[in-house]
Amino acid sequence: MRNLFVSRNANHTTDRRRRLGTLVARCGIVVFCMCVALIAVSAEETDDRIIIRFSHVVGEGTPKGMEATLFKQRVEEALPGRVKVEIYPQSQKFNDDEVVPALLFGDIEMAAPSLSKLTSYASSLRVFDLPMIFPDVDAVHRFQESAAGQGLLGNLRSIGITGLAYWDNGVRVISANRPLRVPEDAKGLQIRIENSQVFFEQYSQLGAIPQRLPFASLIDVIRNGYVDGQENAWSNIRSRGVQRFQKYFTELNHSFLGYMVITNAEFWDGLPADVRSVLQEILARTTADVNELAREQASASRREIMETEGVEILTPSGAELASWREALCSVAKRFATEIPNEVLAAARAAVREEGFEVAARAGEPKPSPAPSCSF
Ligand code: LMR
């Protein structure tokens with residue numbers, strides 16, 4: 001009995017020790033976790049760098065991807081230890097439709113959506129989407145640099161967004177699984193478009209079925225045959241490998257794919273003045289470089305696609321182009337009535353080169369602008 005009692009007691013003592021040991025170990029873990037958390041918090045507290053999270057939807061090798069990286073490098077070089085730029089490409093953080101709300105909620109600080117995707121917030125930006133009004137990218141630049149063009153950068157201010165710069169990609173061409181030589185060829189085709197009412201009307205006018213889909217799903221919907229075609233700039237087409245699934249590319253160059261670099265107005269206004277002015281200066285410098293880069297990428301991507309086995313690039317003849325123009329000009333005219341007069345007047349002047357010094361690029365004869373829709 002005694003022994004039993006002793007051994008029970010001994011068991012209790014061992015149990016108590018074990019429980020005490022477990023308790024001490026648990027307390028140790030808790031204390032350790034608290035220390036780690038405290039260190040993390042104090043590290044965060046002492047790291048007072050300004051973080052700029054920059055979200056976009058395309059690959060790092062596209063003009064926008066390279067432009068964003070260049071911006072990051074220049075900012076971190078110019079403002080070491082003060083500003084850090086984090087880039088989130090390929091819809092890693094947000095897709096096309098989510099990016100503006102994300103900026104407004106402070107989940108990111110910068111983005112560069114296509115101008116078309118911003119038209120649901122500022123309808124004046126539709127001027128960039130009107131089909132066949134800008135004969136080339138130089139005309140678009142002239143418009144962007146005009147007072148009205150610069151004024152459009154402030155058009156999202158009422159919803160809390162500041163437009164900082166325009167960045168180029170290039171002109172849009174149409175790809176499809178059958179050759180689109182004249183507008184009638186597009187009848188009945190499902191076409192992936194960006195979220196733009198002008199593009200919706202444009203393809204409806206052609207008797208096609210437009211599908212507004214995010215860029216992230218572009219290649220899947222083509223591969224699965226959910227759509228028969230799409231329109232885009234050459235570098236986006238090449239980067240997503242559209243040429244592996246679609247054989248025909250109609251070089252219509254009917255609209256311009258460009259971006260607006262945007263930021264949360266409150267964030268921007270709250271930056272220290274010296275930081276803001278360095279960022280502004282870097283953006284201006286980067287914009288000039290990236291527009292040149294976009295031009296080079298457009299022709300390199302076009303060349304690569306042209307050399308892809310089985311691919312055909314269809315360049316419309318004069319008569320074919322006239323038939324596209326006839327089909328699409330009514331859409332441009334319809335939407336033009338909703339765009340403020342001063343914006344339209346500046347676009348017209350840019351198209352007609354009124355009041356602009358237009359210099360030929362070194363080594364290139366100045367091309368005569370393709371006749372565009374009068375609007
Ligand atoms: C698209 O959705 O096709 C483009 O706007 C993507 C981009 O950002 O260039």
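How many salt bridges does the count come to? In this predicted model, the count comes to 15 salt bridges. The legends below cover one of them and the ligand site.

**View 1. A salt bridge links E76 and K72.** The closest N and O atoms of the pair are 3.0 Å apart. Both residues belong to helix α2, which spans residues 63-78. E76 and K72 are four residues apart in this helix, so about one helical turn separates them. Side chains of opposite charge can pair when their charged atoms come close.

**View 2. Twelve positions surround the ligand: V57, V58, K64, S114, K117, R192, E194, F215, N232, N236, L257 and Y259.** By class, this shell holds five nonpolar, three polar and four charged residues. The ligand sits in the largest cavity.

**View 3. Side chains of K117, R192 and Y259 approach ligand oxygen atoms.** For K117, a polar side-chain atom lies 2.7 Å from an oxygen atom of the ligand. An N or O atom in the R192 side chain is also 2.7 Å from a ligand oxygen atom. Y259 places a polar side-chain atom 2.5 Å from an oxygen atom of the ligand. On its own, the ligand has 270 Å² of accessible area, and the protein covers 100% of this.

How values were computed:
Residues numbered from 1 in each chain as written. Predicted model: local features only at pLDDT ≥ 70, side-chain atom pairs only at ≥ 80, totals over all residues. Heavy atoms only, no water. Near = heavy atom within 4 Å. Polar contact = N/O pair within 3.5 Å; in protein donor to acceptor, adjacent residues only side chain to side chain. Areas by Shrake-Rupley, 256 points an atom, 1.4 Å probe, with all protein chains shown as cover. 1 Å grid on protein atoms, 1.4 Å probe; cavity = no way out; pocket = protein on both sides within 12 Å on 5 of 7 lines; lining within 4 Å. Sits in = over half its atoms within 2 Å of the grid points. Nonpolar A, V, L, I, M, F, W, Y, C, P; charged D, E, K, R; others polar. Salt bridge = Lys/Arg side-chain N within 4 Å of Asp/Glu carboxyl O. Helix = DSSP H or I, 4+ residues; strand = E, 2+ residues; numbered from the N terminus.
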